[in-house]
Amino acid sequence: MRSFATKLLAATAALAVFSVASAEARDNTRAHQLSAVSRTVVAQPQSPTVYVGGRYVGADPDPNVRLDLRREAGAADGGGA
């Protein structure tokens, strides 16, 4: 009978340790997911409006077009393209 009680106690302790480890792993995964979401939210696109030297040049959601607007405005002001 003593052997059964010892085995039962050992099995219960192992189950408790496994449950705690599993819960901590789940919490860490959730924290990592929240961290990734936070980074995604922080990394917002730039404003579609383009100003060069305080002068409004234009607006476009495409970053390549905004770059072209900046280049063209710089060339028109005598700056290098």
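User: In this predicted model, which residue in E2 stands opposite Tyr 51?
Analyst: The model is predicted. Strand E1 covers residues 49-52 and strand E2 covers residues 55-59. Across from Tyr 51, the residue in E2 is Tyr 56.

User: How many aromatic pairs does a search of the whole structure find, and what is the geometry of the pair that Tyr 51 and Tyr 56 form?
Analyst: The search of the whole structure gives one aromatic pair. Tyr 51 and Tyr 56 form it, with 5.6 Å centre to centre. The planes are 70 degrees apart, and over 60 counts as edge-to-face. The geometry is therefore edge-to-face.

User: Is Tyr 51 buried or exposed?
Analyst: The cut-off for exposed is over 50% relative accessible area. Tyr 51 has 52%, so this residue counts as exposed.

User: What class of accessibility does Tyr 56 fall in?
Analyst: Values between 20% and 50% count as partly exposed. The relative accessibility of Tyr 56 is 48%. Tyr 56 is therefore partly exposed.

User: Which side chains of E1 are buried?
Analyst: Side chains alternate along E1. Thr 49 and Tyr 51 point to one face and are not buried. Pointing to the other face, and buried, are Val 50 and Val 52.

User: In what sense do E1 and E2 pair, and over how many bridges?
Analyst: One facing couple is Val 52 and Arg 55 in E2. Another is Tyr 51 and Tyr 56. The pairing of E1 and E2 is antiparallel, over four bridges.

User: Which residue in the turn of the hairpin has a positive phi?
Analyst: E1 and E2 form a hairpin, with two residues between them. One residue in that turn has a phi of about 60 degrees. That residue is Gly 53.

User: What is the distance between the end C-alpha atoms of H2?
Analyst: Helix H2 has 14 residues, 63-76. At 1.5 Å a residue the expected span is 20 Å. The model agrees, because the end C-alpha atoms are apart by 20 Å.

User: Where do the buried residues of H2 sit around the axis, and what do they pack against?
Analyst: The buried residues of H2 are Arg 66, Leu 69, Ala 73 and Gly 74. They cover an arc of only 130 degrees, so they lie on the same side of H2. On the other side, Asn 64 and Glu 72 are exposed. The buried residues pack against E1 and E2.

User: How far apart are the C-alpha atoms of Ser 47 and Asp 60?
Analyst: Ser 47 lies in the loop between helix H1 (2-42) and E1. At 44% relative accessibility, Ser 47 counts as partly exposed. Ser 47 and Asp 60 are 13 residues apart along the chain. Their C-alpha atoms are separated by 8.7 Å.

User: What pattern does the protein follow along the sequence?
Analyst: There are two helices and two strands. The strands form a hairpin. Read along the sequence, the pattern is α-β-β-α.

User: What share of the exposed area do carbon and sulfur atoms supply?
Analyst: Buried residues make up 9% of the 81 residues. The protein exposes about 6,700 Å². Carbon and sulfur atoms supply 62%.

How values were computed
Residues are numbered from 1 along each chain as its sequence is written. This is a predicted model: local features need pLDDT of at least 70, side-chain atom pairs count only at pLDDT 80 or more; totals for chains, interfaces and linings use all residues. Side-chain values use heavy atoms; hydrogens and water are left out. Rings of Phe, Tyr and Trp (its six-membered ring) pair if their centres lie within 6.5 Å; planes under 30 degrees apart count as stacked, over 60 as edge-to-face and the rest as tilted. Buried means under 20% relative accessible area, exposed over 50%, partly exposed in between (1.4 Å probe, protein chains only). Accessible areas come from the Shrake-Rupley method with a 1.4 Å probe; for residues, only the protein chains shown count as cover. Two strands pair if DSSP finds at least two bridges between them. The expected span of a helix is 1.5 Å times one less than its number of residues. The arc is that of the directions from the helix axis to the C-beta atoms. Contact means heavy atoms within 4.5 Å.
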